[in-house]
Amino acid sequence: MRLPSEVMRPERMGAAFPTRLSFMRSLVRRLHREQWQIESTVFDLDDQGYGHAIYAARGPHRTYSLMVFSNPLRDDQRTDRVIAESWDACFVLFDGLPASAEVKRLAVQAPRQEGGRFCPSDLILSRANRSVRLYEHVRDALAEGRQPDIARLAEVGYLMRTTAVYGNGKFGTCDRERLTDRPEFAGPFQAEMLIVYLIRCFTLDHVEHVARCQSPDTFVPMASENKRFLGIGNATGLGMAPFLITHPELIHYWANTREIALQKVRSMQWAQGQVRQRFHELLQRVRGHVADWCVADEAQRRRIDELSSDLVRLCAWVDGETSRLERETPWDAVYCWAVTEASIECQELVVSLLIELYPGEVDPLEECLATDVRTPLDGSMQIETLRNIIEQVYAWTFESDFNDRASNTYFWYYSEDKMEPRLGFRDNEVGAECEMPIAVARDVQHLYQCLSSFSAVTPVATLLMQYPAHRHTVGRVQTIAQYPYGEVQANLIATGSRPIDLLRWKLAFFGASKFDPKSNLWTRITLYQGAPLPSDLPQLDADDWCFPVRPRVA
Amino acid sequence: MQASLAEAESLVLKAAAGAGLEPGLASLSARATRWLCQYGLPGTRLVVRALTNWLERRSVGVKWTGDTKLSAVTENQMVSVLYAGAVVIDHRSLVRAPMTVTSPDEPLLLLAMVAHAIGDGPVEITWPDSSSNRQGLQVDNDGCTFLGEGYCPLHRSGTLDLCLTCDWNPPAVTGSVLWNDAALVHRQESVYKNGVEIEQAELLFLDQWGAKTLIPDSDISREKGAGAGRIDTD
């Protein structure tokens with residue numbers, strides 16, 4: 001199995017791709033398996049698309065409602081950042097079917113987002129802005145009686161882009177522990193994934209509604225294959241990164257489970273013919289998918305170009321000798337080829353492809369992705385043991401010299417301005433004393449230095465009574481000793497630190513694709529591109545939507 | 001204000017950090033608050049009092065005054081449970097006999113810290129009420145029990161014997177909050193349904209101290225700190 005020292009490095013995390021263990025895939029499998037019914041029960045929008053709508057998602061045990069409030073927004077108010085004050089559309093995932101009083105309440109609160117107050121029946125809160133360039137093109141095309149340009153769909157991939165998805169008690173919404181006994185929400189972020197899926201449904205209906213109103217005589221509905229190719233966008237910034245630091249046990253479960261899945265596949269002694277065929281099909285599909293991956297960022301574009309040529313070479317290697325995949329341990333051979341011959345983007349894409357091949361082996365592992373475990377601190381541990389753990393598990397922290405300013409360049413903080421997470425320069429910005437406690441490498445080094453003033457057999461409790469400031473780090477070190485995949489092995493305050501690598505890793509676990517970095521600190525992504533529409537859910541192939549490619553023009 | 005459990009925890013975490021508590025201790029207080037609040041107990045009220053005691057130097061840290069006895073580092077002052085909680089938890093498997101904490105300022109908050117943090121064995125916290133009856137809460141392998149006029153399992157196990165001796169009357173809230181199992185379940189369901197009630201004065205206190213963890217806005221941070229533009233019409 002790949003070790004944490006390999007997997008949890010930012011350069012590899014920043015090359016992650018979604019897998020069949022990704023949370024969106026799990027949700028869609030459930031929606032299919034349990035035959036969920038999704039329908040719009042209220043669609044009270046004017047000709048411009050402003051008003052409110054309700055979508056009901058009916059599962060075997062419960063019904064959830066997406067409540068939509070769509071309002072006019074000036075272009076100069078449209079920002080992806082937390083500091084925004086208004087949006088094209090605001091959403092709440094409501095527990096059950098809302099009474100009119102609930103609709104009235106949320107019509108006031110939902111558009112206020114972080115400024116609003118919510119209650120436990122409000123499960124998730126979100127908002128989205130239009131991709132003006134694509135939305136207007138699709139609207140006008142449908143109004144004029146033609147399908148939108150496929151190249152334009154491929155270039156953007158969504159009609160609206162969410163800029164935040166809040167749950168787990170934020171702003172008064174439902175606490176997670178209230179939902180964990182519901183099978184549909186037992187997995188990580190399943191309620192969040194559901195609201196995003198429903199928002200996608202709304203965006204498709206919305207653009208058709210506005211186009212129909214614009215020109216009812218010439219309007220044509222969007223072809224289903226075009227709809228499927230449109231996902232929902234998302235803009236993600238720094239706020240997501242601290243989550244990876246503050247939830248080490250959970251992150252361990254995610255990474256460890258994915259590595260177990262990969263190892264299961266690599267350990268396969270032989271590949272059956274239909275699995276080999278499936279691999280060939282996926283390889284061809286993913287080449288098309290990568291060809292449609294459009295980004296403005298120069299560095300990412302070079303990585304995509306390299307990935308494209310790697311995939312050509314991988315195809316050639318696989319096809320080079322007729323029996324390459326018919327030999328023993330073929331998938332291990334494919335992975336090893338990628339490691340020795342291809343870019344890190346290609347290596348991680350191969351991981352995703354291999355995991356895709358064996359649903360029967362992999363899908364049951366999704367049960368291992370959720371945990372609420374918290375590791376209790378062990379005060380009886382001797383200093384020598386703690387020192388040994390640091391030397392073995394945290395050896396990577398000693399790569400940083402904190403006497404060197406380059407190792408200590410940034411500090412992470414929350415701004416007074418809507419508590420937006422930001423990165424500051426330690427040397428020329430105020431507020432470093434308020435930095436978030438996520439400088440793990442530095443803190444572990446400080447702890448390690450402190451250990452030298454205690455005898456080897458002293459219990460940690462004695463150290464902590466004298467130096468309570470180290471309690472946070474001691475607890476972390478002990479946790480990571482048990483959950484080794486739970487630590488991002490990077491100094492996040494160093495010059496050259498790329499928080500975007502952490503964002504991509506987490507977003508890949510969500511199921512995001514088409515990563516479109518806008519700086520080292522934030523990225524746009526596409527969610528649910530290629531996913532089945534609600535009307536597709538009863539079909540048997542509702543799970544086969546990874547690495548979507550543009551539909552062929554009729 | 002009706003808040004969620006997550007908000008109650010987050011408010012306390014930020015306020016404790018803003019008040020200068022070390023991150024490991026701030027998170028301990030925050031989780032204990034959530035543990036109390038989920039049973040309808042006034043966790044935020046207790047932590048506000050504990051923080052106030054500590055900020056106003058009415059409570060202080062602890063020292064060992066015997067093999068099993070923890071007392072205030074300064075005579076005639078209360079022990080701050082914000083510190084004592086961590087010490088008790090960290091020493092739970094080192095001190096094989098019942099530990100005694102003398103004069104803790106908020107015994108119920110200390111119990112919550114211990115009960116939340118440990119995973120195995122009995123915990124007992126007792127103190128005399130105003131009529132000198134023995135009251136308190138006991139956590140053992142069968143759950144957590146209110147020692148008073150009724151019993152209420154909190155479904156938490158532990159392996160630590162802990163005694164608190166208070167030489168003054170503890171706050172009234174500790175005397176009759178928990179009643180019986182049915183009442184407790186009802187409390188929990190009520191919290192899940194309605195949220196946690198945080199009084200305005202507590203909220204003000206927590207917000208004020210929490211604000212000290214935030215950095216004032218500036219042009220440079222607004223423009224560059226988030227790495228994204230302020231207008232994103234595409």
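**Helix 4, chain A**

I started on helix 4 of chain A, where A:S100, A:A101, A:K104 and A:V108 are exposed on one side. This is a predicted model, so I keep in mind that I am reading a prediction. Which residues of this helix are buried? Helix 4 spans residues 100-109, and I noted A:V103, A:L106 and A:Q109 as its buried ones. They cover an arc of only 135 degrees around the axis, so they sit on the same side of helix 4 of chain A. I then looked for what covers these buried residues, and the cover includes strand 2 (51-58), strand 3 (63-70), strand 4 (89-95) and strand 5 (122-130) of chain A.

**Helix 7, chain B**

Next I tried a helix in the other chain. Helix 7 of chain B runs over residues 200-210, and its buried residues are B:E202, B:L203, B:F205, B:L206 and B:G210. Down the axis of helix 7 of chain B, these buried residues fall within an arc of 160 degrees, so they line one face of the helix. On the other side I found B:Q200 and B:A201 exposed. What do the buried residues of helix 7 of chain B pack against? I wrote down helix 1 (5-18), helix 3 (43-55) and strand 12 (214-215) of chain B.

**B:T44**

Helix 3 of chain B came up there, so I picked a residue from it: B:T44 is in that helix. Is B:T44 buried or exposed? Its relative accessibility is 2%, and the cut-off for buried is under 20%, so B:T44 counts as buried. Not counting residues up to four places away in sequence, B:T44 touches B:A8, B:V12, B:T33, B:C37, B:I198, B:E202 and B:L206. I recognised B:E202 and B:L206 from my list of buried residues in helix 7 of chain B.

**Chain B as a whole**

I stepped back to chain B itself. I noted 8 helices and 12 strands in it. Chain B has 234 residues, and 58% of them count as buried. Looking at contacts in chain B between residues at least 6 apart in sequence, I see that 66% join residues at least 24 apart.

**Where the chains meet**

How many residues of each chain are in contact with the other chain? My note says 58 residues of chain A and 54 residues of chain B. Between them the two chains bury about 4,400 Å², with 54% of that on carbon and sulfur atoms. On the chain A side, A:R81, A:M465 and A:R471 supply 16% of the area buried against chain B, more than any other three residues.

**A:E348**

Back in chain A, I checked A:E348, which lies in helix 14 (residues 344-356). A:E348 has a relative accessible area of 2%, so I marked it as buried. Leaving aside neighbours within four places in sequence, I listed its contacts as A:R2, A:R12, A:A15, A:A16, A:F17 and A:R258.

**Second largest pocket**

I moved on to open space. The second largest pocket holds about 440 Å³. It has 19 lining residues, and the closest to its centre are A:R228, A:G530, A:D544, A:W545 and A:P548. Which element gives the most to this lining? It is helix 8 (residues 224-229) of chain A, with 3 residues. By class I noted 9 nonpolar, 2 polar and 8 charged residues in the lining.

**Cavities**

Closed spaces came next, and I noted 6 cavities of 30 Å³ or more. The largest cavity holds about 130 Å³. It is lined by 15 residues, and nearest its centre are A:P18, A:G511, A:W545, A:C546 and A:F547. The elements giving two or more residues to this lining are helix 3 (23-33) and strand 11 (523-527) of chain A. The lining splits into 8 nonpolar, 6 polar and 1 charged residues.

**Positive phi**

Last, I looked at backbone angles. Most residues other than glycine have a negative phi. A:F189 has a positive one, near 60 degrees. It lies in the loop between strand 6 (158-166) and helix 7 (190-214) of chain A, and it is buried at a relative accessible area of 16%. In chain B, I found B:S103 with phi near 55 degrees, again a positive value in a residue other than glycine. B:S103 is in the loop between strand 6 (99-102) and helix 5 (107-117) of chain B, and at 7% relative accessibility B:S103 counts as buried.

How values were computed. Residues are numbered from 1 along each chain as its sequence is written. Chains are lettered from A and ligands numbered from 1 in the order in which they are written. This is a predicted model: local features need pLDDT of at least 70, side-chain atom pairs count only at pLDDT 80 or more; totals for chains, interfaces and linings use all residues. Side-chain values use heavy atoms; hydrogens and water are left out. On a 1 Å grid over the protein atoms alone, a cavity is a set of points where a 1.4 Å probe fits but cannot get out, and a pocket is an open set with protein on both sides within 12 Å along at least five of seven lines; lining residues have an atom within 4 Å of a point. Grid points are joined across faces, edges and corners, and a volume is the space filled by probe spheres set on the points. Helices (H or I, at least four residues) and strands (E, at least two) are DSSP runs, numbered from the N terminus. Ala, Val, Leu, Ile, Met, Phe, Trp, Tyr, Cys and Pro count as nonpolar, Asp, Glu, Lys and Arg as charged, and the others, Gly among them, as polar. Buried means under 20% relative accessible area, exposed over 50%, partly exposed in between (1.4 Å probe, protein chains only). The arc is that of the directions from the helix axis to the C-beta atoms. Contact means heavy atoms within 4.5 Å. Buried area is the accessible area (1.4 Å probe) that two parts lose on being put together, summed over both.
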